[in-house]
Structure formats: C-alpha cells, structure tokens
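User: I'm new to this one and would like a quick tour. Can you show it to me, and then I'll ask away?

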Amino acid sequence: MDCREFQNELVELMEGSGNAEQQTHLGACPECSALVQELGAICEQARQMPLEEPGPHVWTRLQAALEQEGLIREISTMPALKPQPAVGWLSWPAAWRLGAVAAMAVMAVGLVLTYQPLRTNQEPLATKPAATVIDAEDLRLLDGFSDRSPAMRAAYETSLKNVNAHIAEATKSVQENPNDARAREQLLEAYEQKAMVYEMAMSRSLD
Amino acid sequence: MKRNWRNATLAGMVIACVAIPTLSAQTRKEIRFTVGQNPSVTVVNLKGQVTVKGGPGRQVVIVATTYSDKVEIASNQNANRIEVWTHSVGDASNEERRVEYEVTVPQTSNVNVRAAGGPIRAERLRGDVTLEGDHASVEARDLSQSHVHIRTLSGHITLANIVDSELEVRSLSGNVSMSRVIGPKMRVTATRGNIFYDGDFGTGGDYALFTHSGNIEVSVPEYASVSLTARSDKGAVQNEVPMVEKERTPFSRRSGSSFAGTSHSGSSLVQLLSISGTIRVKKQ
C-alpha cells in the first residue's frame, strides 16, 4: 500500500475500521503517521466543542449557490447542451463535485474553529504551510479544460496559484497566531476564494 | 501621382476583399419573450460582450450578433424564466465563438449573466443581479434596490451609481472600483486586486472592504458620517479625513498600520482590511 492508497482509505481508519494493511503502512510511513495524529487531534478538539447551528445566512447562501449552479431547480424543457467529454474532476457527477466544494468549505470552517496547536510532551510536529503550487485536486480540475480551451486552463491555473498562495500565507498566520480570531477569519476567506474558483470552474463545465 | 492613386486603389480593393467576407459573416438574431412580473433572465456566453439593460414594459428582447456559423444561439422560456445561451458547433476557435448580446429586460427582473471571456455590462435594474466573468471585466451602473453578486477571477469590476442595494463582490486579481455605491450592506473581497471607493457611504450602512495583498483607497467627503476602522498587517494606513479617534478597539492598534475613528455621528460602519497592502482614506 502506498501513501495515496492509504490516504484514500483514511476515513475508515479514523472511524476505527482500518485493516492490517493500513496499520502496517502507518507503522512504516512517518508522513502518514503524522497526518493521522494531526487529524486525530483535530477530531478530538471538535468533539469537545459545543454544537452550534449555523446561522440562517449559511443556508441561504448555500441554497443560492445550488440554484445558481442549476443543481436545484424546476424541471425545465431546456434542450440538453451538446455533451462534452468530461475529464478528471469534471467527470464526477455534479452532486459529488458540489459535495467536494461544500466539503472544502466545511473543512475550512472546521479548521478555523477547532485549530489548536498540539499540546503534547513530545516535540511539536513540524507544520507545513499549504502548498503554494497547484495540488492534485487542482490538476484534476484543470484537466477538464485542457481539451476545450488551453487559454482557459492557463487562466484558471494562474488563479489557483494566486489563491493557493493566499491560503498558504493565511495558514502561516494562523499557525503563528493560533489565538487570533482575525487570522482564522482570513484563512476562511482564503478558502472561500478557492471555493469560488472551483464553483466557477464547475459552471464552465456545464456551459 | 498616378502611381500613388493606383496603389491606394489597390489597397482599398484588398481591404474590401477582406472586409466584405468578414462583415457578411455577422448574423444578427432577435428574440422576444413576453413575461410577467419580476421575470428571471439568464444569459450564458462563451466570448463576447453581454449588455443587459432595464427597460419599460413586459418584454425581454435579446439581440445576438454572431461572427461565424460555428455558434448557435439557444433559448428557452419556462413560464417567467428565460434562458439564453451560446452553443458552439464543432471545433470553433475562440474568435469564432464570439457572440455579442444586447438584452433588454423589465427593470425588476432577476438577472444572471455568466460570460467567461467577454465584458459584462448591466444598467438600470432593480432586481437581483448576478454577474460572473472569469477574465471578463464587469461593469454595473444605475442599479437600485438590488441584491448584487459579482465574481471574477481576473476581470476588473466597476460599479457606479448603485443605491439602496446589498452587494457582494469577489475577485481574485481584478481591481474593484466603486463610485457612488451605497448599501445598506456591502462586502468586497479581493485577493490581489486593489479596491477603490469614492462616495459617502450613505447612512446606517455596513461596509467591509477586504483585500489580501492589494491596496485600498477610499475617498470620502467631509460630511460623511462613518465609524471607520482600517488595518493592514504589513502595510501602512493613512487617514486624511478629520475624525475622532476611538479610544478602545477590539484589535491591538499599531501606529501607522491601523486606525479607528468616527466622523460626525458615525452612522455607517466601514471596515477596511488589507494584509500587506496600503490603506488610504482621502478627503474628496
């Protein structure tokens, strides 16, 4: 099992239903081991936080975004657009893609609300700032443009690099100032900007 | 002299030979829909300008100009909802996909425009307005009582004469310029772009202008009634407007990098935030 396979099955491990192969990899890979430890700490902190119902504006904005994407609307007689071969992230069902965007936003909220520096007797793990280059998910998103419009791909690649740099700086700010609520707000803003890029890319895939 | 005249004539003939086929490729198509109150109008375009204007009456009029036979204009009406979109046929180059739309709608229409590569312009509207351009510039003016949502990746955004409206504006690297834009609520977020505001912020409004690495420049008249906070983590904050500085703020103040003050009764709340850019509050 390599790191990619391990991380694809991380959810099962975190829920306590991991298998022997995962345990073997965990023992042999310091990077994956550090990741599991960090996630465990975040989950533990989250469990101790009081549950709060999101404000009504959250659901209003989510509904508006879903309607804007055309994922919830009345059945219309609009003729189907000429099908385009979908590639990479764009080959996912629309609900999954929206789920990915929503998950990114939820993850950002969770990260901002629950982030606490590790307090253990061990030496704190070295925390890495978010990548300033595009990551695997970004590449899958960009792959969807390659066939249809190389110019659009280049424009989105630039935008993703800009927003990833923003996230990296905001993440660093949170790490340096873990008790600063404003730093967390900035990180949330940065993730919302990235979610905007993904939403717009999804729109292009439907156009 | 004769030779010059001959050369000019030949040049003219060559230009005509090129221009005539180009002009003849233009096709203008007009579509009309009759709608009820507060219709919803969506325009999706790949490349080319999209202009939406509010007009009288209960008709939606769409005039589309195409420049090649490799695009089609498709449209659909479902009760009070109109959808128009550009559909490319086969392999079309970027220029062949160009379509220019001029759309006239009832002023209270809810308008939704997605145009990745062409400028977007919206005028004289009083409904919900959502404008989305990737690297397209977006211009909105003469809107009132609207909910305005604008998003671009790198397109510049220009807003003018927008009153009694709620605005949410986002751009990654485009600049956002506002002139006489009054809430009651406004949130502008840019990552690398600069934000310019020229106006008085009205009364009782709530304004938040945020840019990560861009600059913010606000120009207000002396009579403006604002409660203003301005902060930049790594840049400078300069204020030229006479204000009573606040003694207490929810953030730690650093001279030259933050400012909090009230002008007159402090009717509108204005928050200016940049991480590494400069913030300037100027007197008009």
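User: Let's start with burial: what percentage of the 284 residues in chain B is buried?

Analyst: Keep in mind that this is a predicted model. A residue goes down as buried if 20 or more other C-beta atoms lie within 10 Å of its own. By that count, the buried part of the 284 residues in chain B is 46%.

User: And what percentage of the 207 residues of chain A counts as buried?

Analyst: Chain A is built from nine helices and has zero strands. Put its 207 residues through the burial count, and you get 22%.

User: How many strands does chain B have?

Analyst: Chain B has just one helix to its name. The rest of its tally of secondary structure is strands, and 12 strands of chain B sit together in an open sheet with mixed pairing. The full strand count for chain B is 25.

User: Which are the edge strands of that open sheet?

Analyst: Look at the order, which begins β1-β4-β7 and finishes β19-β25-β21 in chain B. An edge strand here pairs on one side only. That gives residues 27–34 and 237–239 of chain B, in other words β1 and β21.

User: Which residue in β25(B) is the bridge partner of N239(B)?

Analyst: β21(B) and β25(B), the latter covering residues 279–283, run parallel and are joined by three bridges. Follow N239(B) across to β25(B), and its partner is V281(B).

User: Which residues touch the most other members of the largest nonpolar core?

Analyst: That core has 87 residues. Helix α9 of chain A, residues 181–206, gives the most to it, with 10 residues. One of the two you're after, A140(B), touches A122(B), V129(B) and L131(B), among others, leaving aside residues up to four places away in sequence. The pair with the most contacts to other members is V43(B) and A140(B).

User: Which element gives the largest share of the side of chain B that touches chain A?

Analyst: Where the chains meet, 27 residues of chain B are in contact with 24 residues of chain A. Elements giving two or more residues to chain B's side are β5, β6 and β10 of chain B. The largest share is three residues, and it comes from β5(B).

User: How many residues on that side of chain B are charged?

Analyst: Sort the residues of chain B that touch chain A by type, and nine are nonpolar while 11 are polar. The charged ones number seven.

Conventions:
Residues are numbered from 1 along each chain as its sequence is written. Chains are lettered from A and ligands numbered from 1 in the order in which they are written. This is a predicted model: local features need pLDDT of at least 70, side-chain atom pairs count only at pLDDT 80 or more; totals for chains, interfaces and linings use all residues. Two strands pair if DSSP finds at least two bridges between them. Helices (H or I, at least four residues) and strands (E, at least two) are DSSP runs, numbered from the N terminus. A nonpolar core is a set of buried Ala, Val, Leu, Ile, Met, Phe, Trp, Tyr and Cys residues joined through C-beta atoms within 7 Å. A residue is buried if 20 or more other C-beta atoms lie within 10 Å of its own, exposed if 12 or fewer, and partly exposed in between; C-beta atoms are placed from the backbone. Two residues are in contact if their C-beta atoms, placed from the backbone, lie within 7 Å. Ala, Val, Leu, Ile, Met, Phe, Trp, Tyr, Cys and Pro count as nonpolar, Asp, Glu, Lys and Arg as charged, and the others, Gly among them, as polar.
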